[in-house]
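Subject: A structure for you to look at

Hi,

Here is the structure I promised to pass on. Have a look at it first, then read on for what turned up.

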Amino acid sequence: MPYRSADRRRVLAAAALGRPLTEPGAELEPGTGSESAPDEGEGEPLRPVIGEILDVSPHLIIVDTPEGREERLVIAPWATAWRGETVSPADLPVGAHVIIRALRNGRVADRIWADITRITGVIQSIGTQRKDLTVELYCGPHGGRRTIVIPYGASGRLRVRHPKFEAGYLFDAIGVREGGVAHARLPATSQPPYRWTAVPKPPPGYSGLQSRISGTATWSDAFDWGEQGVAYPMLERADSDCQDAGVSCTALPYLALGSALSVRNVCTGRTSVLPIVACGCMAGRFCDRCLECGTSPRGRIVELSPVSFVELGGDLTKGCFNARVGLG
Amino acid sequence: MLTMIAAAQLPVLGALLAAGALSKVWTARGETEPGALSRLGPAVLVPDRWRAPAMLGCAAGEAALLAGLVLTGHPVFRWGTAAFFAVSTYVLWELRRRRPDVGCGCFGEVSAVPVGLRSLGRTMVLTAMAAGLIWTPPVPGWSLLSGMTWPQALAAAAGLLVLAALSPEIEETVARLRYRAPCEQRPLDPAPALNRLRTSTAWRAHEKLLSSTDPVDSWRELCWRFFVYEGRSRSGDPVDVVFAVYLSGRHPAVRVATVGFDGQPVEVAPLPESMPVSAGR
């Protein structure tokens, strides 16, 4: 069945069920915002800026956005950058792809991530290239196969959090893109002890379906550059054209590509209504917890695009935040 | 008396073997859940790629013993059944020691509860029943079933009751039925929803507006399945006709809306369901 457009599905579903299109659902808390204007909670509004560095100095960064605009941002004195490790913003190379968390209506750079990538998948094979390890991963029907490099210097840190370094086990790391190849640098989570096909079942829901579900929200770079939206694990396989969908260790309801979700970052109090634009078949197989602010309930409930993750106040190098999700 | 009681356990053993074989085949061949075999014994004792063949092999052994017990009275099948259950007792004991987290897999996916004393006790009782059968007259199972007397039926029922008391699967099945996942969390096939739609009043009322009876888009959200058809309004403008079918219940609700390309609902007067008729004078 062809998938036409997320917006069209929202319009049609609202018309058929007679529910309001723009207003949040009854399950949502008061104060939750719409897609265009996320509720910022108590903090200052955050605006993600993405693009390629044209020029950078200790006080100013100029980026070329995907829309072809030139954005000039003042670098805040406290701002730090990350490119495989924490660096000074002025040390970032020209041409690097950056995601900037900007304050003051997008004029002040607060945090910069350069060439960052998230490597989430199932280990297929492991090889060696001099001292480095090369790992082939299966990243789902949409992500396909991906070969990454684990530099010798990062292998100890990664392997201590990924004790089952063998085919069939999950892998999740944060790294940098260098010369078109992803180099893993930080473990994004502790590796689940089970194989990717043996995800534990969610506990039975004695009290029926919850209107809001708490868990972990992570990010992924499987989205288009600059896209806003989430990947959700519990999609019907036939509808989403994703043969690995429909698996989660959290009791999640079935939704569809195009459904709108209200995602709340519990740590920062920011909420945004985001459309489901991809199948989160890998996210559903992780039953980990996020320790960003307290301990989240077990299980990844959504995987956000980098832009949405930053907009909600997440730190890309930490990899997750404690989230609460409801139908938007 | 003892011989009669022992002989009456043949149908009980046959029923258990049949249920075990069928449920194992169902679990190993079906795609109820990926990775289900990694939590079921004794398949977990073998490497990954041998798990499904091991379970199917076990089911084949049970089916062969069942056929032998029912069709012939040859002692080899009775000895074989006793040996099978004796080995099963040992395997379950070993499984409990080595993998206390996994179920026995005796009845496939239903036996996911970790192996306990009840499961072990059941295989011991089955071993005793099969051993008792060795000393009874060698008659085929079918002739015993066709000529079963009341005392034999009572003895068989007593044997079944003992086994039921030792079966954690019964409680598991009751719990699954009682605490069934809500509709929003169950995978549901779109075909019954489409059939329900085609028999609904909303479909009949809007069928003439549709350009084609094949949906151009379909998706599921919570407990609703949506079907979108291209159509034309009464004024001839292209519209999308969207039907929403509820996925639970005997007579699920069907809702419909006609939406223009600008996203605004188009009011379409439904066809009259009945015409007022005057009785006349």
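In chain B, H3(B) passes H4(B) in a left-handed crossing. Keep in mind as you read that this is a predicted model. Helix H3 covers residues 75-98 of chain B, and helix H4 covers residues 117-134. Their axes lie 8 Å apart and the angle between the two is about 160°. Angles over 145 degrees count as roughly antiparallel, so H3(B) is roughly antiparallel to H4(B).

Who touches whom here? On the H3(B) side you'll find, among them, Trp79(B), Phe85(B), Leu92(B) and Trp93(B). On the H4(B) side, the contact residues include Leu120(B), Met124(B), Leu126(B) and Ile134(B). Sorted by type, the residues of this contact come out as 14 nonpolar, 6 polar and 1 charged.

Now go back along the chain to H2(B), residues 51-71, which packs against H3(B) as well. This time the angle is about 145° and the axes are 9 Å apart. The crossing of H2(B) over H3(B) is left-handed. From H2(B) come Gly61(B), Leu65(B), Gly68(B) and Leu69(B), and they meet Phe77(B), Gly80(B), Thr81(B) and Phe84(B) of H3(B). What is the split by type? There are 4 nonpolar and 4 polar residues, with no charged ones.

H2(B) has another partner, helix H1 (residues 2-29) of chain B. The two axes come within 8 Å and cross at roughly 155°, so H1(B) and H2(B) are roughly antiparallel to each other. H1(B) passes H2(B) in a left-handed crossing. Leu10(B), Leu13(B), Leu17(B) and Val25(B) are among the H1(B) residues in this contact, and Met55(B), Leu56(B), Leu66(B) and Val70(B) are among those of H2(B). Here the count is 17 nonpolar, 3 polar and 2 charged. Try finding Leu65(B) and Leu69(B) on screen: these H2(B) residues take part in the contact with H1(B), and they also meet H3(B).

Zooming out, chain B is divided into domain 1 (2-180) and domain 2 (190-260). The centres of these two domains are 48 Å apart.

Chain A is next. Its domain assignment gives three: domain 1 (6-30 + 199-327), domain 2 (47-114) and domain 3 (117-187). Notice that domain 1 of chain A is listed as two stretches of sequence. Between the centres of domain 1 and domain 2 of chain A there are 28 Å. Where these two touch, 8 residues of domain 1 are in contact with 7 residues of domain 2. The domain 1 side of that contact holds 5 nonpolar, 2 polar and 1 charged residue.

Chain A also has some barrels to look at. A quick reminder: strands of a sheet pair through backbone hydrogen bonds, either parallel or antiparallel. In one barrel, 6 strands of chain A close up in the order E12-E16-E13-E15-E14-E17, with mixed pairing. From one strand to the next, the twist averages 45°. To see one pair, pick out strand E14 (residues 260-265) and strand E17 (residues 320-327) of chain A, which run antiparallel and are joined by 5 bridges. Within that pair, Arg264(A) has Arg324(A) of E17(A) as its bridge partner.

Another closed barrel in chain A has 5 strands, running E7-E8-E9-E11-E10, and again the pairing is mixed. The twist averages 55° from one strand to the next. Which way do E9 and E11 of chain A pair, parallel or antiparallel? Strand E9 (residues 145-150) and strand E11 (residues 181-187) pair in the parallel sense, over 2 bridges. Val149(A) has His183(A) in E11(A) as its bridge partner. Helix H3 of chain A, residues 152-161, packs on this sheet and touches E8, E9, E10 and E11 of chain A. The direction of that helix makes about 55° with that of E11(A).

Happy hunting, and shout if you get lost!

Definitions and conventions: Residues numbered from 1 in each chain as written. Chains lettered and ligands numbered in written order. Predicted model: local features only at pLDDT ≥ 70, side-chain atom pairs only at ≥ 80, totals over all residues. Domains from an automatic or database assignment. Nonpolar A, V, L, I, M, F, W, Y, C, P; charged D, E, K, R; others polar. Axes fitted to C-alpha atoms, helices over the stretch in contact; angles between N-to-C directions. Helix = DSSP H or I, 4+ residues; strand = E, 2+ residues; numbered from the N terminus. Left-handed = near helix turned anticlockwise from the far one by under 90°. Parallel < 35°, antiparallel > 145°, perpendicular 65-115°, else oblique. Pairing = 2+ DSSP bridges.
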